[in-house]
Protein chains: 2
Amino acid sequence: MTQLEFAQRNIITPLMVKVAQAEGVKPQELARLIRLGQAVIPLNINHKIKKPCAVGKGLSTKVNANIGTSTDESQIKGEIQKLKIAIKYGADALMDLSVGGNLIRMRKEVLKHSSIPVGTVPVYEIAVRAYNRCRNFLKFDAQDVLEVLTEQAKQGVDFFTIHSGVTLRSLAVLNRNQRLMGVVSRGGAMIASWIKYHRQENPFYSQFDRILEIARAYDVTLSLGDGLRPGSVLDATDKAQIAELKILGNLARRARNQGVQVMIEGPGHVPLDQIETNVALEKKYCGGAPFYVLGPLVTDVAAGYDHITCAIGGAIAASAGADFLCYVTPAEHLRHPSASDVREGVIASRIAAHAADLVKRKKSAILWDKKISTARRQRNWKKQIALSIDPDKAKEYRLSSKPKLSNVCTMCGKYCSIKLMEDCKKK
Amino acid sequence: MTQLEFAQRNIITPLMVKVAQAEGVKPQELARLIRLGQAVIPLNINHKIKKPCAVGKGLSTKVNANIGTSTDESQIKGEIQKLKIAIKYGADALMDLSVGGNLIRMRKEVLKHSSIPVGTVPVYEIAVRAYNRCRNFLKFDAQDVLEVLTEQAKQGVDFFTIHSGVTLRSLAVLNRNQRLMGVVSRGGAMIASWIKYHRQENPFYSQFDRILEIARAYDVTLSLGDGLRPGSVLDATDKAQIAELKILGNLARRARNQGVQVMIEGPGHVPLDQIETNVALEKKYCGGAPFYVLGPLVTDVAAGYDHITCAIGGAIAASAGADFLCYVTPAEHLRHPSASDVREGVIASRIAAHAADLVKRKKSAILWDKKISTARRQRNWKKQIALSIDPDKAKEYRLSSKPKLSNVCTMCGKYCSIKLMEDCKKK
């Protein structure tokens, strides 16, 4: 049985208890959220990990880091290094988005080394296999889709992003309504190309019931992908995006009815003032399913710094109710990310998640701020550094610039405001 | 006459025309905003610069970069290097916050090399002079205050941050209402210490009329400092902060009545959901004066990454009506910033400013996003890089990772969604 099926039968599982404890919520409350489809625990029955987590309403905002080979960079070793960095710096989940080299071996390594849930986008492997088979990545059929999904589920993948909402109907809406950037989701573009090539409905949509059977058998959580997400702030919240979202909402209902845990992927490039609306629409159309946002990026102009545009959008989205933030690295739009890009991406999204938790879960979240500010007031550098979101960087900065007075920093030196006020009180 | 006095007499100056053109607004409209005190042009009559700017309602959001020596790091050369970097990467204004070494020479160099408006916090020089004179930075009187203000105004400083709102009354409110972090403004702490030491009212408050005379004579814009700003999200929007803000509102009215341009400094460490309220309160209490925010930082935990907490808060503040963002660098809370910290700080705040302008000035601001996304769709890498917020970084990233196919990037390689959709259309 899946965690959702247990919850539907009012059974609280050991996994729910463990995750609820980590969240500081009652297991009954978590079970209730899972039953309502407002929270998920992405964990395959075949995957053993140290740090499972729940994603959803009333829970702390989670951060996902993407890793994976590309057709240009296909070293498994380098990707496992990135996995370790992502976990070290605090990612709650990982996605293996590999499309280059040996995908099965890569995934095996990822599943083995990861202490946190692992997701994939199965259409990548399906397309790569088709290409390897007949030099055309579109030469696959429904059977190939189900085969790869089954294999990946058996292997232990915790969540699948499937682009089931890119359908004949949503693509017709896209075609009728001009857009600056078209389809910018890699999986979405593959499906759109497949539909055009085969003149058939998307197998991730037409075979949805069979996909649910696979997901249910291994308790793979479905992440319904937003293949038509806006790739420019000019395209945000347009008709194609909303048409797809409504389809995802219907599919989410079907998934829950079959006992399959489900979350919804969200945009994308979205101007700051449309983010709250995007969250509200997702919650409305998808029955309150957890919302997994890719950014949102609040402007298109910041290539090289999209971890920052993502942090701005993610903080706003999560404070408005988004549950899961997919990181974006500084490499977005420019290159395959390096290990240091991964670190920067994870930290930026964790900042966004925590800033949002200060709104959503103020009482528990603010303890961290209270502790670090107390250490700062005491000018207890060791403690302040240990409590920083990235103690390695804080320490490196501190050591790089030594003050003459050991209890201040080189920014203000002896005119440190905190020191002045302390001296002032002493007099 | 000051720009405000001209505006009060319905005279449109050549400076107003120049600045209005750069903003894409009508000179009459800018003059109206200045007359109402809702916009300022910080430019000393003794300072010639290439890129003056206006700050205020309906105008693009501006970014300020702080530079300056500290008691630990007092090399003028290094600071001038930072000035150049700040200007190169797009700061609209600079503040020289020096407290170490030869302050007069430093300021002279800054004024000479800067093509953008320059601000200072005069109490720093006043305190440093007192210290040099008698080994006690608090041994200064009202006459010393006016002397330094006059000298700096003559020298050509475009705007002064003065902490006139740290008064016997606002400090009494602070003392009555417990706070985690106390006073975290360097200038605010100096004034608070002075008040306690001398048991007299803050000279920046008691001598406000004489300060206005100096500012008026050189058209120095006053930036009324928030000496009691919160230094922790736990202290945000507390009674001391609001008590000071109300005092600043009264002083702003007095300044405008004397023809002196004025803006208001704002917090500080503020949780995401209190930012909009902070902007609304400033506009309400200060008659719509331009709001110059220091962040706001949306959490206390991100030492080493406070350019990101600042970008999140700044984007939200500016989209809600804040007009001027003071950058924060990754070095905040840890060390005197390096040149690379300055660059990162400027870019992060410019991202926030532009994300906010997409809300406040959508029509004009979105053209940039349209251009870069068009280049991205065309996979015109040269153009995309040139249009990026930091072309140097975008170029460096692009060159560091070369794809096999020249018209994609190494993230998706041949599975580039944009390329797939293009191929799809061709078929």
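1. The barrel. In this predicted model, eight strands of chain A close into a barrel, and going round it the order is β3-β4-β5-β6-β7-β8-β9-β10, with parallel pairing. From one strand to the next, the twist averages 25°. As background for a first reading, the strands of a sheet pair through backbone hydrogen bonds, and this pairing may be parallel or antiparallel.

2. One pair of strands in detail. Strand β7 of chain A, residues 221–224, runs parallel to strand β8 of chain A, residues 262–266, and the two are joined by three bridges. Within this part of the barrel, Ser223(A) stands opposite Met263(A), a residue of β8(A).

3. A helix over the strands. Helix α4 of chain A, which spans residues 76–88, lies across β3 (62–67) and β4 (93–96) of chain A, and its direction makes an angle of about 165° with β3(A).

4. The interface with chain B. Contact between the two chains involves 100 residues of chain A and 100 residues of chain B. The area buried between chain A and chain B is about 8,700 Å², and carbon and sulfur atoms give 66% of this. Between chain A and chain B the count of salt bridges is zero, whereas 38 residue pairs are found in polar contact across the interface, both residues being at pLDDT 80 or more.

5. What chain A contributes. On the side of chain A that touches chain B, the helices that each supply at least two residues include α6 (122–134), α9 (186–198), α15 (339–360) and α19 (417–426). The residues on that side of chain A divide into 54 nonpolar, 25 polar and 21 charged.

Methods. Residues numbered from 1 in each chain as written. Chains lettered and ligands numbered in written order. Predicted model: local features only at pLDDT ≥ 70, side-chain atom pairs only at ≥ 80, totals over all residues. Heavy atoms only, no water. Contact = heavy atoms within 4.5 Å. Buried area = accessible area lost by both parts, 1.4 Å probe. Salt bridge = Lys/Arg side-chain N within 4 Å of Asp/Glu carboxyl O. Polar contact = N/O pair within 3.5 Å; in protein donor to acceptor, adjacent residues only side chain to side chain. Helix = DSSP H or I, 4+ residues; strand = E, 2+ residues; numbered from the N terminus. Nonpolar A, V, L, I, M, F, W, Y, C, P; charged D, E, K, R; others polar. Pairing = 2+ DSSP bridges. Axes fitted to C-alpha atoms, helices over the stretch in contact; angles between N-to-C directions.
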